[in-house]
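Visitor: I would like a close look at a single part of this structure. Please take me through a pocket and the elements around it.

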Amino acid sequence: MELTKLDQIRAAEERLLLSTYDRNPILFVGGEGVHIIDENGTKYLDLLSGIGVNALGYGHPVIEEAIAKQSRKLVHTSNLYYHEGQAELALRLTERTGLDRAFFCNSGTEAWECAMKLARAHAGLLREEGKQIGTKFLALDQSFHGRTFGAVSTTAKAKYREPFGPVVPGVEFVNFNDVTDLRAKFSTEVCAILLEAVQGEGGVRPLTQEFFAEARALADSTGALLIVDEIQAGMGRTGKWCAYQHYGIQPDVTTLAKPLAGGIPMGAVLCTEEVARSFHAGMHGTTFGGGPLACAVACAVIEAIEKGNLLARATEVGDYFQAQLRALATRHSAIVDVRGKGLMLAAELDSAKLAKLAVAEMLKRHILINCTSDTVLRFLPPYILERSHVDTAIAALDEVFTEYAAAQPAAQTIGGHIHG
Ligand SMILES: Cc1ncc(COP(=O)(O)O)c(C=O)c1O
């Protein structure tokens with residue numbers, strides 16, 4: 001049976017795979033810069049970059065070269081032996097995150113599991129040392145931390161958690177950016193406060209300085225950990241290596257993944273020396289994590305981001321993109337909010353139906369975006385995006401909203417309302 005055409009592949013997947021994904025009917029076969037290319041050679045402007053993974057775009061020579069070179073040398077060793085890559089990558093990441101030690105794994109959710117285990121182990125250590133500290137986690141409303149059990153247990157959205165109950169006990173959710181609620185729910189029972197500096201899946205929502213600072217202060221008051229999930233916002237997407245760096249607040253633990261190894265699966269946990277003493281040999285591990293291939297590519301990605309001055313570019317092009325979205329919102333009242341940092345951006349719409357339609361209409365115009373939290377159009381483009389690409393996207397969005405408004409019986413197209 002031939003499996004080269006989209007309809008053949010679709011039919012086979014329907015029969016053979018668990019139905020976990022609602023895929024768009026496009027078969028991608030290649031990519032070049034900010035464009036991904038389908039089986040017919042059609043180029044799509046990718047403003048989603050594989051959900052925040054392809055930060056350097058497609059076919060980046062540095063990634064290709066790193067994969068080719070390392071694959072000829074050594075792909076896997078297991079963690080029973082040394083190879084050249086882990087210390088090198090740990091050095092680069094500790095320098096850039098301001099944390100002291102690293103653990104490498106294969107995905108975001110795995111990094112999150114490790115962070116949660118660190119928190120429980122750290123609290124155990126403090127109890128042995130005579131401190132009063134419990135085992136409870138405080139997570140945030142609208143949070144998303146992944147799909148494994150610890151991660152879904154700390155993920156607010158019921159649809160990700162409830163089908164799998166009972167989930168890990170001892171998790172309480174705090175209203176987003178609500179300092180009073182955070183104070184009310186915090187106690188010596190809490191072993192860690194879990195945050196995303198900018199929530200991704202939850203709708204691209206940045207924490208307020210006040211909330212973040214209060215979380216740090218409360219954690220400090222008992223020895224609980226402040227754990228910041230940078231899986232989506234980190235590695236330069238917001239214009240800094242980690243989004244928490246915009247706030248001048250250091251977490252005790254952070255998690256990275258998505259763009260870390262340029263599309264080769266990899267996650268990382270970074271923590272302070274104090275937290276690191278909670279783990280000793282045998283307490284945690286992975287067969288594949290931190291393998292030579294992923295480490296070599298991650299080092300190359302970091303080098304390419306720095307050589308290409310891509311943090312500054314994410315800031316500059318991101319600011320331009322955000323300004324253009326705000327201008328668009330003044331012309332279309334359906335856009336009720338524009339927010340984000342760097343190249344992690346969102347336009348919130350006043351209707352879920354329109355958001356779904358906008359994604360589909362942009363796809364027809366060969367531009368990839370997605371919709372999260374029902375009404376939020378999310379943009380996570382590669383860091384190599386240029387202003388001209390932004391202009392293309394804005395013109396297409398303008399057309400989509402104009403056509404939609406024209407099709408409404410009592411259309412209103414002026415006076416979009418914007419928050420900071
Ligand atoms: C903030 C955040 N944490 C965790 C995850 C889970 O990462 P992964 O899908 O690599 O397991 C994601 C994925 O979207 C994420 O955005």
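Guide: What follows looks at the second largest pocket, then at a helix that helps to line it, and then at a few local points elsewhere.

This is a predicted model. The chain averages a pLDDT of 96. At least 70 is the score of 97% of the residues.

Start with the pocket. The second largest pocket has a volume of about 630 Å³. Its lining counts 24 residues. Nearest its centre lie Gln86, Ala102, Phe103, Phe279 and His284. By type, the lining holds 13 nonpolar residues, eight polar and three charged.

Now the elements behind that lining. Two helices and a strand come from one stretch of numbering: α4 (85–97), β4 (101–105) and α5 (108–128) each supply at least two residues. β12 (267–271) and α10 (273–276) also supply at least two each. The largest share belongs to β4, which gives four residues.

Stay with α4. Besides lining the pocket, α4 packs against another helix, α11, residues 292–307. The two axes come within 8 Å of each other. They cross at roughly 35°, and the crossing is left-handed. On the α4 side, the contact uses Gly85, Gln86, Glu88, Leu89, Arg92, Leu93 and Arg96. On the α11 side, the partners are Cys295, Ala298, Cys299, Ile302, Glu303 and Glu306. This contact divides into six nonpolar residues, two polar and five charged. Note Gln86 in particular. It is among the residues nearest the pocket centre, and it also takes part in the contact with α11.

Next, two backbone details. The peptide bond from Gly165 to Pro166 is cis, with omega near 0°. Pro166 sits in the loop between α7 (158–161) and β6 (171–174). His366 has a positive phi, near 65°, and is not a glycine. His366 lies in the loop between α13 (352–364) and β15 (367–368).

Last, a caution. Over residues 413–420, pLDDT stays under 50. The model still gives that stretch 31 contacts beyond four places in sequence. Where pLDDT is low, predicted coordinates should not be read in detail.

Key: Residues numbered from 1 in each chain as written. Predicted model: local features only at pLDDT ≥ 70, side-chain atom pairs only at ≥ 80, totals over all residues. Heavy atoms only, no water. 1 Å grid on protein atoms, 1.4 Å probe; cavity = no way out; pocket = protein on both sides within 12 Å on 5 of 7 lines; lining within 4 Å. Points joined across faces, edges and corners; volume = space filled by probe spheres on them. Nonpolar A, V, L, I, M, F, W, Y, C, P; charged D, E, K, R; others polar. Axes fitted to C-alpha atoms, helices over the stretch in contact; angles between N-to-C directions. Left-handed = near helix turned anticlockwise from the far one by under 90°. Contact = heavy atoms within 4.5 Å. pLDDT = per-residue confidence, 0-100.
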